Amino acid sequence: MYYEIVPMDRSHIPQIAALERECFTDPWSERLLEDALFDPQASFIVAEDGEEGNILGYAGLHAVLDEGYIDNIAVAPDARRHGVASALLDVFCRFGAANLAFLTLEVRKSNAPAIALYEKFGFQQAGLRPGYYQRPKEDAVIMTREFSEHP
């Protein structure tokens, strides 16, 4: 499967919003995604099919000073298990290694494939947020990757 990782732009927003609705029970709206384009602390990237321009996945990061928070990583169901999530996460981990003290995120406790992916990239379980997710109600696992050298 061929794809390119590119910065999110306005043309991606309708497809990303559709992917949000497909992947999450509490999806980001087109308005929230558009707001992220103009947020100097946000960076959103897209895995785009190089042939047809379809969005296979996307990821969002907010960075404040030397702290990074991964908002979402979403991959279209038919593009899963092809390295898309790994490629997106790798971009943020390389950015973190060069610029941040740590990256953190929340993931559903039942989402074993995502937890395994994060662990593969050096994230460790750092805590639990009871009842964090509402539909369905579920705890979130807080996962963090610290970087030994940062600015």
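These are my notes on the largest pocket and some salt bridges in this predicted model.

**Ground rules.** I number residues from 1 along each chain as its sequence is written. The model is predicted, so local features need pLDDT of at least 70 and side-chain atom pairs pLDDT 80 or more, while totals for chains, interfaces and linings use all residues, and side-chain values use heavy atoms, without hydrogens and water.

**Pocket.** I looked up the largest pocket (on a 1 Å grid over the protein atoms alone, an open set of points where a 1.4 Å probe fits, with protein on both sides within 12 Å along at least five of seven lines). About 1100 Å³ of space lies in there, counted as the space filled by probe spheres set on the points. I found 35 lining residues, meaning those with an atom within 4 Å of a point. Phe24, Ile73, Asn111, Ala114 and Tyr118 lie nearest the centre. Strand β4 gives the largest share of the lining, 7 residues.

**Salt bridges.** My rule was a side-chain nitrogen of Lys or Arg within 4 Å of a carboxyl oxygen of Asp or Glu, and the count came to 6. Asp26 and Arg135 pair at 3.5 Å, N to O. Asp26 sits in the loop between α1 and α2 and Arg135 in the loop between β6 and β7, so this bridge ties together parts 109 residues apart in sequence.

Next I checked Glu138 and Arg108, whose closest N and O atoms are 3.0 Å apart. Glu138 is in strand β7 and Arg108 in strand β5, 30 residues apart. Both are buried (under 20% relative accessible area; exposed is over 50%, partly exposed in between, with a 1.4 Å probe and protein chains only). Asp26, by contrast, is exposed at 57%.

Notes
Helices (H or I, at least four residues) and strands (E, at least two) are DSSP runs, numbered from the N terminus.
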